[in-house]
Amino acid sequence: MAEDKDQNNILEEVTSGEYKYGFYTDIEMDKAAVGLTEDTIRFISAKKNEPDWLLEFRLKAFRHWQTIAEPSWAHIHHPPINYQDIIYYAAPKKKKQLESLDEVDPELLDTFKKLGISLEEQKILSGVAVDAVIDSVSVKTTFRETLSKNGIIFCSFSEAVQEYPDLVKKYMGSVVPYRDNFFATLNSAVFSDGSFCYIPKGVRCPMELSTYFRINAANTGQFERTLLIADEGAYVSYLEGCTAPQRDENQLHAAIVEIIAEEGAEVKYSTVQNWYPGDKNGKGGIYNFVTKRGLCKGDRSKISWTQVETGSAITWKYPSCILKGDNSIGEFYSVAVTNHYQQADTGTKMIHLGKNTKSTIISKGISAGRSNNSYRGMVRIAKKAGNSRNFSQCDSLLLGDKCGAHTFPYINAGNETSVVEHEATTSKISEDQLFYCQQRGIDAEKAIGLIVNGYAKEVLNKLPMEFAVEAQTLLAITLEGSVG
Amino acid sequence: MIGKSDMNPSENKYSVLETNLIHSFETSLQRASGEQKSVREARMLAYETFKKTGLPGRKDEKWRNSKFDQVTDQSFELYSSKPGYTHKVSEIFHCSIHGFTTKVESLLNGWYYTPEEIPLNTMDNGVVVGSIQMAQKQYPEVFEQHFGKIAKHNVHGYSLVNTAFFNDGLFIYVPDNVHVEESVQLIKMVNTIEKLMINSRNLVVLGKNSHLSLMHCDDSINHQASMINTVTEIFIGENASLDLYKLQNINNETFLINSTSVNQQRSSRLKVNVITLNGGAIRNELNVDLQGEGAEADLNGIYLMDRKQQVDNQVFVNHAVPNCNSSELFKGVLDDESSAIFNGFVLVNKDAQKTNAFQRNNNILMTSTAKVDTMPFLEIYADDVKCSHGATIGQLDNDAMFYLMQRGICKRDARLLLMYAFAAEVADKIDIRPLRVSIEDMVKKRLRGELSICEKCVLHCSTPDIPMEFEIDMSKI
């Protein structure tokens, strides 16, 4: 019994760590008035000097948004969101055009340093191009020149609207239409900024592209929009990381990511999300309602999603693949960790439309504290998608007796030549494994870290190197208190 | 679920069936006068709730792919008078499984069908079998204790309609410590020239340490489209065990909802085998509530559908207390334009530690027009559990096919053999040997396309003395 109690104590200790990234950068902000009306949208659009067709797109979305209601099917609970009580636009005031890193606001650089991703370091050491988004507007884009030599466009969404309107017009909304769902519609109406990336035909992107999102000012919803296009035969690996400072009120985040892979293209999209999850008592935290979808448009194209979700009070996110081209491939690898009062309802959709399409889903959920972690996924094989193949595996690990782990798979199959397999298990951390670790002199805390990391390894291995290290640390932080 | 009451009253639109039901409730209530007060109250309450929610449609999560939305716009005769006893059941049905005798009870058009004056029998061992209408008068304590108390999970429009409108049904009470040797066979027949909606309600109560084996057969006698809406409540007392076999072989025009709710007490055991062979649209709901420690539920099903048929298995297991086991295995073969839905839902409550829950659904699609939707859900709030689920949709194993054909077995026979092997995993779980043999034969016949709706009981389709064999020279293998 005493041992049991000990173990419980340790479990409690390791699962009750607090958020390390809670700090707040004091940068002068340029804000829209509170609330959402057509005027707000016109204000955002004017502020960003947008062409008429984009304003029209926003207004169409807004008018549609007014007619629909927030969805309630997800396994999450939160007080109703007052959409009129949110500031829909906040941008750091532009002082002047920045030429070098020295000109970047030192406080901003400091923010990045605390995150462990200082631009200098990134630029000099890792060779990763970073398009840093601070509260909706890109401040500094690095390595753009190197990329442009290859014909790669990697810039902020607003810049893309100004400089490459044809591309934006052609692809925006083609994967996630503005009527798609409540949050996507809201985003389409009020999106502030985001990243835009275009890889031309046959180009293999020489470096990993990376964006760090960060929610900064209080009460500003972040509505970014990412558009990633890989033209025929192109390859790109894209990293997205997110951190938000500690704030008491819940902040809303409703983003859209659209990926288009043309014939023979391959896109690898990795996310590490460690937004503020709220404190030990479930107060505060980010509400994360994201629509991510990739379209394997051409034959033999491939889209691979990898995500490590450790943050946010609420995660509502289903990175999906539409496998339209014949022989296209979709992959989804996910680790979702929830602690304290966090709630995650995440998973994927694999929609097989083309022949001989393949998809793989590996999802690992870890719940601790009083959190709830749900996997919700759909695999649909259309009638014409002959010889398609899907394999899904979603496992859940429970740490503690007050948390919940749920699995809601939907499988639809409509032809006789396809094979769909799904399996899932839910269990607690193995007492045998714990025992053997401890017997070898590894203390319970480290043993749990070890076992959890081993459990998530299959997914972590899919992350690019830089991210894999960070993800492991994040797992440790989320589960092991202040150890990190 | 969006209730009708949430709508603007001016837009408040009921479907044809809903309107019919609402109009005939008063008459239906008058017909049922003389009932227990609690039943009357239950009827009124169910009716009021029904008026708010209406019947479920495609917009309701659990009915999204269901064909039952076709029902709501049809008009059905909602009441048929109690038929007189004209034929012996044995004249209508010949149930002859070699070496297996059952005590046959039957419902005709939802009414308890018997020649006796008082439709309730008490046997020597104290077992009571008969009409639920009579039981609520003669055994009010048992009745009151359980009626309406078990079917409380996943309540929807149709189950509310059942409570509000049911005419009659079967009542079985097995006293403590009684082991019923002879299986009870409930045959539900529909014989009508009208398009009829039948609401029947069954209540089965098993006392402590008792045992019962119950066969529940749904058959239609003629080809008239009807809508059968059955709710069965089962209470299994401490250490008692129930074997429940459900056989469904109804015509292609009939819609059947078979909602069974079970409450299991400590160390009780439930074994269910659902065998669905034919039917227009069949929805089997199985709600198992594990309320006592050490309870075990073993739920199995097999469905072999063709033409435009649909089968929908909704299985809900509620682990309310620690140390319970549940297992679900549902397998099916879908041919032509048929479709199947499986929704397994295991809920492990906060304190239900040491739970073992297992779920599996395997499907074989034979054509490009057949469809399967499978949703094996787990919702878990306890940490010391072992829960797993698996679902597959695929075809017959190509390697196995190749191997068989290489041995000179024609493609058709090889397919049959493999399909049979696939289905046999479920059929093998039937404990009563003669019944198992008979069902295996039916499965074989069904796979060969020889068994479709027949005028006699499905079980009669097999000839017990000559076992069914595939015409395969086994010496080649």
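In chain B of this predicted model, residues 24 or more positions apart account for 84% of the contacts with a separation of 6 or more. The secondary structure of chain B comprises nine helices and 20 strands. Of its 477 residues, 52% are buried.

Helix H6 of chain B, residues 157-165, is mostly covered, with nine of its nine residues buried. Among them are Gly157(B), Tyr158(B), Leu160(B), Asn162(B) and Phe165(B). The buried residues of H6(B) pack against two helices and three strands of chain B, listed below.

| Element of chain B packed against H6(B) | Residues |
|---|---|
| Helix H1 | 16-31 |
| Helix H2 | 37-53 |
| Strand S7 | 197-206 |
| Strand S9 | 227-236 |
| Strand S11 | 255-264 |

Chain B also meets chain A: 31 residues of chain B are in contact with 29 residues of chain A. On the chain A side, the elements that give two or more residues are strand S23 (404-413) and strand S24 (419-428). By class, that side of chain A has eleven nonpolar, twelve polar and six charged residues.

Strand pairing also links the two chains. S24(A) pairs with strand S20 of chain B, residues 385-394, in the antiparallel sense, and the pairing runs over eight bridges. Within S20(B), Ala391(B) is the bridge partner of His422(A).

Notes
Residues are numbered from 1 along each chain as its sequence is written. Chains are lettered from A and ligands numbered from 1 in the order in which they are written. This is a predicted model: local features need pLDDT of at least 70, side-chain atom pairs count only at pLDDT 80 or more; totals for chains, interfaces and linings use all residues. Two residues are in contact if their C-beta atoms, placed from the backbone, lie within 7 Å. Helices (H or I, at least four residues) and strands (E, at least two) are DSSP runs, numbered from the N terminus. Ala, Val, Leu, Ile, Met, Phe, Trp, Tyr, Cys and Pro count as nonpolar, Asp, Glu, Lys and Arg as charged, and the others, Gly among them, as polar. Two strands pair if DSSP finds at least two bridges between them. A residue is buried if 20 or more other C-beta atoms lie within 10 Å of its own, exposed if 12 or fewer, and partly exposed in between; C-beta atoms are placed from the backbone.
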